[in-house]
Amino acid sequence: MGSAAQATKDREFTLTSSDFAFIVKLVYERAGIVLGDHKRDMVYTRLARRLRSLGIESFKAYIELINGPQGDDELGPLINAITTNHTKFFREAHHFSHFRNEVLKPFAKAFRQGKQKGLRVWSAGCSSGEEPYSLAMVVAASLPKREAEKVRILATDLDTNILETAKRGVYPANGMAEVPEAIRRRSVSIDPKRETATMGDNLKSLIVFKQLNLLKPWPHKGPLDVIFCRNVMIYFDPETRRSLIQRYAGLLRPGGYLYIGHSESLLGQTDLFETEASTTYKRLP
Ligand SMILES: C[S@@+](CC[C@H](N)C(=O)[O-])C[C@H]1O[C@@H](n2cnc3c(N)ncnc32)[C@H](O)[C@@H]1O
């Protein structure tokens with residue numbers, strides 16, 4: 001027995017090296033997510049939950065299910081179990097200040113002058129919705145209603161479960177800690193008894209949530225004004241990241257902005273974007 005298989009032999013289910021390799025390959029092919037050896041425990045824990053709920057007694061049997069006639073139906077739940085959905089409101093707050101000052105303010109001016117009709121924003125890999133709701137909160141707090149209504153936020157994720165949470169728009173109230181009070185008061189109702197924070201209809205009406213695999217063709221057409229794709233590419237290999245960055249560049253209008261996560265980079269694709277601020281890039285003409 002290999003040492004990795006040894007490591008899991010005392011557990012409820014045995015995850016052999018070849019079971020793990022099968023899952024790694026499948027997740028890479030379907031979602032682009034790279035699972036290194038150090039993710040073995042994470043894969044075990046998340047999928048063990050799935051095995052239990054299906055009443056399956058081993059990883060071997062689970063893989064047989066995936067390879068069997070009903071296998072395609074299991075791919076969604078498998079990927080949902082593997083994705084990491086960590087997020088929060090106003091994560092990397094400097095992006096939201098930049099969005100207000102450099103995107104919304106110029107848009108409001110251009111709108112009043114009749115030079116721009118609307119603003120299109122994409123939150124790619126939106127997880128449970130905190131990112132697009134934070135964007136919508138800034139819109140609602142910074143623009144008069146007439147102009148705010150012209151902002152469209154498309155929010156997409158691969159994970160269908162997490163999108164349900166996003167659409168519901170109800171969060172633990174303590175998640176509001178990072179939300180500036182003046183912004184929160186306009187758009188979020190707090191229920192102190194249940195300790196929940198419910199996103200207002202003024203926010204929901206700005207956002208369209210959709211399931212989308214970033215690796216597949218994208219149904220929406222450009223030009224877009226803004227793309228937030230933060231803390232998503234970190235799970236992909238350099239080749240996938242490079243291709244995504246090129247596709248984002250193809251969708252953004254010249255002068256549009258791409259915001260990425262704090263530990264991500266554009267992999268030196270400086271012919272497409274100029275650096276505007278930390279992890280904030282402007283599409284070159
Ligand atoms: C860590 S969350 C980032 C959430 C948010 N953007 C933020 O920065 O707080 C990463 C999200 O990427 C999604 N994701 C992973 N692979 C994806 C793919 N191939 N297509 C679309 N979304 C994907 C996951 O489901 C997860 O919700």
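Colleague: How many nonpolar, polar and charged residues has the shell around the ligand, by class?

Modeller: The shell around the ligand has ten nonpolar, eleven polar and five charged residues, where Ala, Val, Leu, Ile, Met, Phe, Trp, Tyr, Cys and Pro count as nonpolar, Asp, Glu, Lys and Arg as charged, and the others, Gly among them, as polar. Please keep in mind that this is a predicted model, in which local features need pLDDT of at least 70 and side-chain atom pairs count only at pLDDT 80 or more, whereas totals for chains, interfaces and linings use all residues. Residues are numbered from 1 along each chain as its sequence is written.

Colleague: Which residues come nearest to the ligand, and from which domains does the shell draw at least three residues each?

Modeller: A residue belongs to such a shell if its C-beta atom, placed from the backbone, lies within 6 Å of the molecule. Here 26 residues surround the ligand, and T83, T87, G125, S127 and L158 come nearest. Both domain 1 (3-82) and domain 2 (93-283) give the shell at least three residues each, with bounds that come from an automatic or database domain assignment.

Colleague: Turning to the sheets, what is the strand order in the open sheet of seven strands, and which strands stand at its edges?

Modeller: Strands of a sheet pair through backbone hydrogen bonds, either parallel or antiparallel. The order in this open sheet of seven strands is 6-2-1-7-8-10-9, and its pairing is mixed, two strands being paired if DSSP finds at least two bridges between them. Strand 6 (207-211) and strand 9 (273-277) are the edge strands, each of which pairs on one side only. The numbering counts from the N terminus, with helices (H or I, at least four residues) and strands (E, at least two) taken as DSSP runs.

Colleague: In which sense does strand 7 pair with strand 1 and with strand 8?

Modeller: Strand 7 (residues 224-229) pairs with strand 1 (residues 119-124) in the parallel sense, over three bridges, and S123 is the residue that stands opposite F228 in strand 7. Strand 8 (residues 252-260) is also parallel to strand 7, over five bridges, and here L224 stands opposite L252. Strand 7, helix 12 (residues 238-251) and strand 8 together make a right-handed β-α-β unit; right-handed says that, with the strands pointing away from the viewer, the path from the first strand over the helix to the second runs clockwise.

Colleague: Where, then, does the antiparallel pairing with strand 9 occur?

Modeller: Strand 9 pairs with strand 10 (residues 280-283) in the antiparallel sense over four bridges, and in that pair F273 stands opposite R283.

Colleague: How many of the residues of strand 7 are buried?

Modeller: Burial is a count of neighbours: a residue is buried if 20 or more other C-beta atoms lie within 10 Å of its own, exposed if 12 or fewer, and partly exposed in between, with C-beta atoms placed from the backbone. Strand 7 is mostly covered, since six of its six residues are buried. T156, found in strand 2 (residues 151-157), is buried because 23 other C-beta atoms lie within 10 Å, and its C-alpha atom is separated by 5.7 Å from that of F209, 53 residues apart along the chain. R120 in strand 1 counts as buried because it has 20 C-beta neighbours inside 10 Å.

Colleague: Which residues other than glycine have a positive phi, and is each of them buried or exposed?

Modeller: One of them is N231, with a positive phi of about 60°, in the loop between strand 7 and helix 12; N231 is buried because 20 other C-beta atoms lie within 10 Å. Another is L267, whose phi is near 55°, in the loop between strand 8 and strand 9; L267 is exposed, because 12 other C-beta atoms lie within 10 Å.

Colleague: Where is a peptide bond cis?

Modeller: The bond from G222 to P223 is cis, with omega near -5°, and P223 has its place in the loop between strand 6 and strand 7.

Colleague: What is the order of the open sheet of three strands, and why is one side of each edge strand left without a neighbour?

Modeller: The order is 3-5-4, with antiparallel pairing. Strand 3 (170-172) and strand 4 (188-191) stand at the edges with a single partner strand each, so one side of each has no neighbour in the sheet. Strand 3 pairs with strand 5 (residues 196-199) over three bridges, and Y171 stands opposite A197 in strand 5.
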